[in-house]
Amino acid sequence: MKMVKYMLVSANILMLILGGYLVCSKVTDLTVQVLLIGIFLSLCFLNLGSYFYFRSQFVTLSSQICRYSQQIMHGKSAENVWNKETLTSKVVMELEKMERIVAHQSAANKKEKQELQEMISEITHQIKNPLTNIKMYGDMLTDAEIHAEPSKQFMDIMRQQLGKVEFLLDALVKASRLETEMIVLKPSNSKMIETLALAVNHVIQKAEQKQIEISVECRPSIQVYHDMKWTAEAVENVLDNAVKYTPENGKINISVNVGEMYTEVRVKDTGKGIETSHFNDIFKRFYREAGVSKVEGLGLGLYLARNIIALQKGYISVRSVVGRGSCFSICLPNYVSE
């Protein structure tokens, strides 16, 4: 600002000297000389006056913005200058908008930190139990007097507990890869029946243990542009959820319907059902209903499924009636995603 002032003053002085020289050397009439010098002086004073006026306005604007910025930073609204046709009003409104964005981000970061703490607590709880069991049965196996049959039972239990640990770690790795965008989808025009076969094969054993019948209705000719491996993972997670919460001798039906814009994979079970108020919550990370704490799980299956389908421009929805079962709809677009 000082540099501009000095340059402006210097330019005016040079203009006066040059103008005076030209007037005195080129104009002989005294009246015309006085008139021209007066015009040059007027222009110089006008330039300087304009400079000091706009400088004053700039200083005033800066002071107001600084004052309102401090006010906004301390959580006080500047409503008295809202919606006015002034530069100050526009700047203040933008500052308040920025303050709301920063406050929202701060709240989101705080919530994320809290979720991280809850996640660590949940992981610790979930992994601690099987590790404790493994340690306990491992100590029992060191007993020299233990017989062969109990020893075999202990080994089977230890294998089961190791399987739980492996499942938990695998789910956490997948969730981490999703959130850090490390999953790379490789979609192709593939038959949906093959994708469903991959998904069903991973849950069929659990279903047979509970004598749950799984039926599939899908025309072999149906093809959808999707990533077979990860879509099968998403369908498997939905199926696994259905098997967990469907009582013995229940039924799970998988059907595929081709619509105008989407192909729908519908997974319908005869399980316990979900309350309407929990429809959105069940897709959240680590969410588990209070009444299912005894059922094995980490609350990541539906969260992973929703994100995998969303990466393919699709979506998952649910309909359910408590006590009568649930119906999950996995919809994939019929067009090639770019």
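## Exercises on a five-strand sheet

The order β2-β4-β5-β7-β6 describes an open sheet of five strands with mixed pairing. The model is predicted: local features need pLDDT of at least 70, side-chain atom pairs count only at pLDDT 80 or more, and totals for chains, interfaces and linings use all residues. Residues are numbered from 1 along each chain as its sequence is written, and side-chain values use heavy atoms, without hydrogens or water.

**Exercise 1.** Find which strands stand at the edges of the sheet.

*Solution.* Start with the terms. Strands (E, at least two residues) and helices (H or I, at least four) are DSSP runs, numbered from the N terminus. Two strands pair if DSSP finds at least two bridges between them. Now look for a single partner. β2 (213–217) and β6 (315–321) each have one, so one side of each lacks a neighbour in the sheet.

**Exercise 2.** Describe how β6 pairs with β7.

*Solution.* Take the direction first. β6 and β7 (residues 325–333) are antiparallel, with seven bridges. Then pick one bridge: Arg319 is partnered by Cys327 in β7.

**Exercise 3.** Decide whether Ser329 is buried or exposed, and find its side-chain polar contact with Glu264.

*Solution.* Locate the residue: Ser329 lies in β7. Next, apply the cut-offs: buried is under 20% relative accessible area, exposed over 50%, partly exposed in between (1.4 Å probe, protein chains only). Ser329 has 3% relative accessibility, so Ser329 is buried. Last, check the side chains. Those of Ser329 and Glu264 make a polar contact at 2.6 Å. Such a contact is a pair of N or O atoms within 3.5 Å; within protein, one must be able to donate a hydrogen and the other to accept it, and residues adjacent in sequence count only if both atoms are side-chain atoms.
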